[in-house]
Amino acid sequence: MAKLVARDIPGGSYVNLGIGQPTLVADYLPSDKHVVLHTENGMLGMGPQAQGDDIDPDLTNAGKLPVTELPGAAYFHHADSFAMMRGGHLDVCVMGAFQVSTAGDLANWHTGDPDAIPAVGGAMDLAVGAKTVYVMMTLFDKDGTPKLVPKCTYPLTGLACVSRVYTDLAVFRLEDDQVYVTETFGTTVDELASRLRVPVLAGPSPA
Amino acid sequence: MIEVCGDAEAALRDLRDGATVLVGGFGEAGLPFGLLDGLLRCDAAGLTVVSNNAGNGHSGLAAVLATGRVRKIICSYPRQVDSWVFDRLYREGKIELELVPQGNLAERIRAAGAGIGGFYTPTGVGTPLAAGKEVRNIAGRDYILELPIHGDVALIRADTADEAGNLTYRKTARNFGPIMATAAKVTVAEVNRVVPAGAIDPENVVTPGIFVNRVVLAVGTAKAGSARSGSRETTR
C-alpha cells in the first residue's frame with residue numbers, strides 16, 4: 001500500500017504523512033523525486049527516523065518519534081506550520097481512517113465510543129487544508145464491515161476531502177460522489193461490488 | 001532587560017488560583033520540565049492548562065496534573081500510550097477537557113497574542129468539534145468562529161536567551177513557544193543559557209524580547225535531551 005501511495009505522489013510535492021501506517025510511505029520515496037516532508041510539529045525537510053547517536057529529543061515527528069533533518073530543512077512554530085496546511089500550501093497528505101464515504105467525507109479521529117478518550121491532533125486541519133488527501137486503510141474492519149461507506153457513522157474529521165483510498169484489496173478514486181476502482185489486488189471489481197454497500201465503477205476515473 | 005530568576009519558584013511567584021497557564025511543548029520536545037517541577041511546589045489550584053498534549057508518563061505535565069490542581073485542560077491530543085495520569089483523571093471526572101484541533105489551538109493562541117478578537121476557520125466545519133460555534137459562509141465556503149486563548153502565564157522552553165529577552169529555540173522543540181510567548185501576561189522561558197545582549201545575531205532572533213518577562217536556566221532535569229542540548233553550543 002505504502003509503495004503505491006509513494007508511486008502516485010507527484011515529484012516535487014510538499015507532503016505530510018500521518019501517524020502510523022502512512023509514515024511507511026517515506027520508505028518508498030526516492031530522493032530524486034524531491035518530495036519534501038512536512039511534520040506538523042514544525043519542520044519541513046524531515047529525514048528518516050533517527051537511530052543511535054542521531055537521536056535528539058528536540059527533533060521529533062508528529063508521532064513523537066526521533067527523526068533526522070535533511071539538507072534544506074526548516075523549523076517553524078505551530079501557527080506557521082498549520083498555516084501551511086490551512087492555507088493550501090501542502091500538496092498531499094496521507095492519513096489513516098476508520099471510515100471514508102463515497103462523497104469523500106473522512107472519519108479518523110474518534111470511534112464515538114463513550115468510554116474512549118477523544119484526541120484529534122492535526123487531522124482536521126490536514127483534511128481541510130491539504131490540496132489532496134489520500135487515505136490508507138484496510139477495506140474491511142476485523143468483523144468484515146466495509147470502511148468505504150455510503151455515509152460515515154463515526155464522528156467526522158472533514159467533509160468531502162478524500163480523493164483517493166488505498167486499501168489492501170483495491171485502490172479507489174472518489175470523484176463527484178462516484179467510486180472508481182483503479183486497481184485490484186487478488187480480487188475483482190465484481191467481487192468488490194458485491195461485498196461493499198456502495199456502487200463502484202471499474203477503471204480510472206475521468207481525468 | 002529581562003529578569004533572570006534563580007529558580008523556577010521565583011519565576012512562578014505570582015501564579016494565582018484559577019490562572020490559565022500556557023505550557024509549551026509537543027510531547028516532550030519543548031516541554032519546560034524545570035518550570036513544571038517548580039509548578040509542583042506552588043500552591044495555586046483550580047488551574048486551566050493549555051498545552052498540545054495532556055502529559056506523558058509520570059513527570060512534567062503529568063506530574064502537575066497528578067496534584068489535582070488542574071481543573072481544566074485545553075489541548076488537541078490528550079490520548080497517548082503513556083497518558084495514564086490524564087486518562088485516570090478524565091475517566092474519574094476530575095478534569096475537564098476542551099478538545100481543540102491542533103491548528104485551531106495554535107491560531108487561537110496566536111490570535112490572543114496579536115490582539116485578534118476571533119477568526120473564521122474551515123478546520124472542524126461539519127464535525128462534532130464545531131458544535132455550538134457560529135458558522136459563516138464566506139465566498140462559498142463555510143467557516144467556524146474560533147476565539148482567542150489568553151494566558152495569565154506562559155511557560156516555554158527555548159535554547160538561548162540574551163539579556164534583552166530575545167530567544168532562539170532548538171529544532172522541533174520550538175513548536176508552541178513563539179506563539180505562547182506572545183499570548184500571556186507573564187512569559188517565562190526555561191533556557192539552556194543566557195548570553196549578553198548582542199550575542200545573538202538580531203537576524204536569528206525567533207522570539208523578540210518584548211514577549212518575554214523572565215528566564216530561568218534549565219537545571220537538574222532528568223531528561224537526557226535537556227542535558228545534551230545544554231552542552232551544545234548552538235547560539236550562532
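# Salt bridges, strands and a shared interface

R71(B), K72(B), E96(B), E98(B), R108(B), K133(B) and E146(B) are tied into one network of salt bridges. Keep in mind that this is a predicted model.

Me: How many salt bridges does the structure hold over all chains?
Reply: Some background helps here: side chains of opposite charge can pair when their charged atoms come close. One network of such bridges in chain B includes R71(B), K72(B) and E98(B). Over all chains, the number of salt bridges is 24.

Me: In that network, K72(B) meets E98(B) in a salt bridge. How many residues apart are they?
Reply: The side chains of the two come to 3.0 Å, N to O. K72(B) sits in strand β4 (residues 70-75) of chain B and E98(B) in strand β5 (residues 96-99) of chain B, so the pair links distant parts of the chain. The separation is 26 residues.

Me: Of E98(B) and K72(B), which one counts as buried?
Reply: Buried means under 20% relative accessible area. E98(B) has 23%, so it is partly exposed. At 15%, the one that counts as buried is K72(B).

Me: Which residue of strand β12 of chain A does R7(A) reach?
Reply: R7(A) belongs to helix α1 (residues 2-8) of chain A, and its partner in strand β12 (residues 178-184) of chain A is 176 residues away. Their side chains meet in a salt bridge at 2.8 Å, N to O. The partner is E183(A).

Me: Are R7(A) and E183(A) buried or exposed, or something in between?
Reply: Buried stops under 20% and exposed begins over 50%, so the values decide it. R7(A) has 45% relative accessibility. E183(A) has a relative accessible area of 23%. So R7(A) counts as partly exposed, and E183(A) too is partly exposed.

Me: D159(B) forms a salt bridge with R193(B). Why does the pair tie together parts of chain B that are apart in sequence?
Reply: The closest N and O atoms of this pair are 3.2 Å apart, and both D159(B) and R193(B) are buried. D159(B) lies in the loop between β9 (151-157) and β10 (160-162) of chain B, while R193(B) lies in strand β13 (residues 193-195) of chain B. So the parts they tie together are apart in sequence by 34 residues.

Me: That brings up β13(B) and its sheet. Which strands are at the edges?
Reply: The open sheet has three strands in the order β11-β10-β13 (chain B), with mixed pairing. β10(B) and β11(B) run antiparallel and are joined by two bridges, and A161(B) has L167(B) as its bridge partner in β11(B). Each edge strand pairs on one side only, and these are β11 (167-168) and β13 of chain B.

Me: Over in chain A, which residues of strand β5 point the opposite way from V92(A) and V94(A)?
Reply: In a regular strand the side chains alternate between the two faces of the sheet. In strand β5 (residues 92-95) of chain A, V92(A) and V94(A) point one way, and all the residues named for the two sides are buried. Pointing the other way are C93(A) and M95(A).

Me: Which residue in β8(A) stands opposite C93(A)?
Reply: β5(A) pairs in the parallel sense with strand β1 (residues 14-17) of chain A over three bridges, where V92(A) is the partner of V15(A). β5(A) also runs parallel to strand β8 (residues 132-136) of chain A, joined by four bridges. In β8(A), C93(A) faces V133(A).

Me: Why is helix α2 of chain A largely enclosed by the rest of the structure?
Reply: The buried residues in α2(A) are H78(A), A79(A), S81(A), F82(A), M84(A), M85(A) and R86(A). The helix spans residues 78-86 and has nine residues, so it is largely enclosed because the buried ones number seven.

Me: What area is buried between chain B and chain A?
Reply: The contact takes 47 residues from chain B and 39 residues from chain A. Carbon and sulfur atoms give 61% of the buried area. The area itself is about 3500 Å².

Me: How many salt bridges cross the interface of chain B and chain A?
Reply: E69(A) and K171(B) form a salt bridge, with their closest N and O atoms 3.2 Å apart. There are also 19 residue pairs in polar contact between the two chains. Across the interface, the salt bridges number four.

Note on methods
Residues numbered from 1 in each chain as written. Chains lettered and ligands numbered in written order. Predicted model: local features only at pLDDT ≥ 70, side-chain atom pairs only at ≥ 80, totals over all residues. Heavy atoms only, no water. Buried < 20%, exposed > 50% of the residue type's maximum accessible area, 1.4 Å probe, protein only. Pairing = 2+ DSSP bridges. Contact = heavy atoms within 4.5 Å. Buried area = accessible area lost by both parts, 1.4 Å probe. Polar contact = N/O pair within 3.5 Å; in protein donor to acceptor, adjacent residues only side chain to side chain.
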